Amino acid sequence: NYEKIWLVLAMIMIVGFLTTVTYGATAVGIEMISDEEDTIDPGALDEDPRFAEPRVEQVGENEYEAYVVAQQYIFSPDPIEVPANSTVTFYVTSPDVIHGFQVAGTNANTMVIPGEVAKLTVETEEPGEHGIVCNEYCGSGHHVMEGKLIIH
Ligand code: CUA
């Protein structure tokens, strides 16, 4: 039946998209290795242990998790500081409107949608500073919405 055909077509498109994300990657000091999403109540970020206090946490020898809130017109924490040669998973969400979260000059890039937690894992390489930019129009302050990622 038609429903089944559409389902199969949708699956093919999803697989094609994931393949593009994986193989379209180029790294400049940092490399994105995965990108997925989870849900959250955008009005209750304060009650979520991950986002009540945006921060970077060490979770393994060379593994870190960064809980980041993108909102008009800042990223928190700012700067985000992580060591070189480590695996960093960013969890990013928004309490207000759609934002972007892109580590400038790299393929680490995700859309940040209220109600969803964007998850993005990168490998950091050399030390350095990268700008974090919002690449989704989010209001009058969109052009000044930026943060900093310090790899040390
Ligand atoms: Cu936030 Cu554009």
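Which residue in strand 8 does Gly100 stand opposite? In this predicted model, Gly100 is placed across from Met111, and the legends below start from that pair and move outward.

**View 1. The hairpin of strand 7 and strand 8 joins two antiparallel strands.** Strand 7, which covers residues 99-103, is linked to strand 8 by 4 bridges, and the two strands run antiparallel. Besides the pair of Gly100 and Met111, Gln102 stands opposite Asn109 in strand 8. The two strands make up a hairpin with 5 residues between them, and Gly105, which lies in the turn, has a positive phi of about 80°. On strand 8, Thr110 and Val112 belong to the covered face, whereas Asn109 and Met111 belong to the uncovered one.

**View 2. An open sheet of 5 strands holds this hairpin at one end of its order.** The strands follow the order 5-11-10-7-8, with mixed pairing. Strand 5 (80-82) and strand 8 (109-112) stand at the edges, and because each has a single partner strand, one side of each is left without a neighbour in the sheet. From one strand to the next, the twist averages 20°.

**View 3. Ile98 lies in the loop that comes between strand 6 and strand 7.** Ile98 counts as partly exposed, because 15 C-beta neighbours are found inside 10 Å. Leaving aside neighbours within four places in sequence, the contacts of Ile98 are Met111, Val112, Ile113, Glu136 and Cys138; of these, Met111 is also the residue opposite Gly100. The C-alpha atoms of Ile98 and Pro114 are separated by 6.3 Å, although the two residues are 16 residues apart along the chain.

**View 4. The largest nonpolar core contains 27 residues.** Among its members, Ala66, Val68, Ala70, Val92 and Phe101 touch the most other members. At least two residues of this core come from each of strand 3, strand 5, strand 6, strand 7, strand 9 (116-124) and strand 11 (146-151), and strand 3 gives the most, with 6 residues. In soluble globular proteins, nonpolar side chains tend to be buried together. Not counting residues up to four places away in sequence, Val68 touches Pro54, Phe75, Ser76, Ile80, Phe90, Tyr91, Val92 and Phe101.

**View 5. Two cis peptide bonds and a positive phi are found in the loops around strand 4 and strand 5.** Most residues other than glycine have a negative phi, and most peptide bonds are trans. A cis peptide bond with omega of about -5° joins Gln72 and Tyr73, and Tyr73 is placed in the loop between strand 3 (63-71) and strand 4 (74-76). Another cis peptide bond, with omega of about 0°, joins Asp78 and Pro79, and Pro79 is part of the loop between strand 4 and strand 5. In the loop between strand 5 and strand 6 (87-93) lies Asn85, a residue other than glycine whose phi is positive, near 55°. Asn85 is exposed, because 11 other C-beta atoms lie within 10 Å, and the cut-off for an exposed residue is 12 or fewer.

Key: Residues numbered from 1 in each chain as written. Predicted model: local features only at pLDDT ≥ 70, side-chain atom pairs only at ≥ 80, totals over all residues. Pairing = 2+ DSSP bridges. Axes fitted to C-alpha atoms, helices over the stretch in contact; angles between N-to-C directions. Buried ≥ 20, exposed ≤ 12 C-beta atoms within 10 Å, placed from the backbone. Core = buried A, V, L, I, M, F, W, Y, C linked by C-beta atoms within 7 Å. Contact = placed C-beta atoms within 7 Å.
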